[in-house]
Amino acid sequence: TSPKDKVIQNTITDLEIHGKIFDMMGLPQTPYAKINIHVGAHYNNKPMALDNFCRNFEKLSGSVRSRLTVENDDKGSMWSTKHLFDYIHSEIGIPIVFDYHHYKFCTGGQTEQEALELAMSTWPDGVTPVVHYSQSRAEEHNDPKIRPQAHSDSYWAAPNLYGHDLYVMCECKHKEQGVFALLELMKNKAVA
């Protein structure tokens, strides 16, 4: 979204490296092998930023365009799932990765289920949508000095998938330990 050509070119270069590596690994050129990014800053001019993003998307190779996904932000002044749908997906067809934790800070006036299902609707047929899941480190440690947007070490509650088949990408500091904790929480939730 940057108005600076150098910043745009650096971003394109970085994304193209990812696309080439994915190609060398033999990964499909679909969002199944996603390259996920945030749309970025709006420089106090959201129409300009959105126009820049969509225009610069066209400069990317097919290898990157076919894999690129965008994710909702964790600041109310930034990009909600609804913004991404209305102004990015509707324009260039890019899938949206729903982030449960970020949603809490930037709802776009939607319920969690509405935002999740809107993001899910952007994924192509045959590709299971991916969501990101973390919880607040400040809540986990009961410490108001920690930014509430900071990711937790592990998990104490499972996400509500609202009955949908989704891939849940764990975003916690304790990595595999967090995955095992989340699997146990989800198993117990399914039994309950």
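Biologist: Where is G40 found?

Modeller: Look in the loop between β1 (35–38) and α2 (46–57). Those names stand for DSSP runs, numbered from the N terminus: H or I over at least four residues for a helix, E over at least two for a strand. Mind that this is a predicted model, where local features need pLDDT of at least 70 and side-chain atom pairs count only at pLDDT 80 or more, while totals for chains, interfaces and linings use all residues. Residues are numbered from 1 along each chain as its sequence is written, and side-chain values use heavy atoms, with hydrogens and water left out.

Biologist: Why is G40 called partly exposed?

Modeller: Its relative accessible area is 22%. Buried means under 20%, exposed over 50%, and partly exposed is what lies in between (1.4 Å probe, protein chains only). With 22%, G40 therefore lands in that middle class.

Biologist: And what does G40 touch?

Modeller: Leaving aside residues up to four places away in sequence, G40 touches T1, M78 and W79. A contact here means heavy atoms within 4.5 Å. W79 also has K46 over the face of its ring, 5.0 Å from the ring centre.

Biologist: What makes that count as a charge over a ring?

Modeller: NZ of Lys or CZ of Arg has to be within 6 Å of the ring centre and within 35 degrees of the ring normal. K46 meets the distance limit at 5.0 Å, and K46 is listed as lying over the face of W79.

Biologist: How many disulfides does the structure hold?

Modeller: 0 disulfides. C170 is in none, and its nearest cysteine sulfur, that of C172, is 5.9 Å away. A disulfide needs two cysteine sulfur atoms within 2.5 Å, so 5.9 Å doesn't qualify.

Biologist: Are C170 and C172 buried or exposed?

Modeller: C170 counts as partly exposed at 26% relative accessibility, whereas C172 is buried at 3%.

Biologist: How do you know that β3 pairs with β4?

Modeller: Two strands pair if DSSP finds at least two bridges between them. β3 and β4 (residues 130–133) have 2 bridges, in the parallel sense. In β4, F98 has V131 as its bridge partner, and D99 has H132. H132 in turn is partnered by M169 in β5, and β4 and β5 (residues 167–170) pair in the parallel sense over 4 bridges.

Biologist: What makes the step from β2 to β3 right-handed?

Modeller: The chain crosses from β2 through α4 (residues 81–92) to β3. With the strands pointing away from the viewer, a right-handed path runs clockwise from the first strand over the helix to the second. This β-α-β crossover is classed that way.

Biologist: Which way do the residues of β3 point?

Modeller: I96 and F98 point one way, V97 and D99 the other, and all are buried. In a regular strand the side chains alternate between the two faces of the sheet.

Biologist: Why is the F98 and Y100 pair called edge-to-face?

Modeller: Phe, Tyr and Trp rings (for Trp, the six-membered one) pair if their centres lie within 6.5 Å; planes under 30 degrees apart are stacked, over 60 edge-to-face, and the rest tilted. The rings of F98 and Y100 have centres 5.0 Å apart and planes at 75°, so edge-to-face it is. F98 and Y103, at 5.8 Å and 45°, make a tilted pair. Ring pairs link F98, Y100, Y103, Y133 and Y155 into a cluster.
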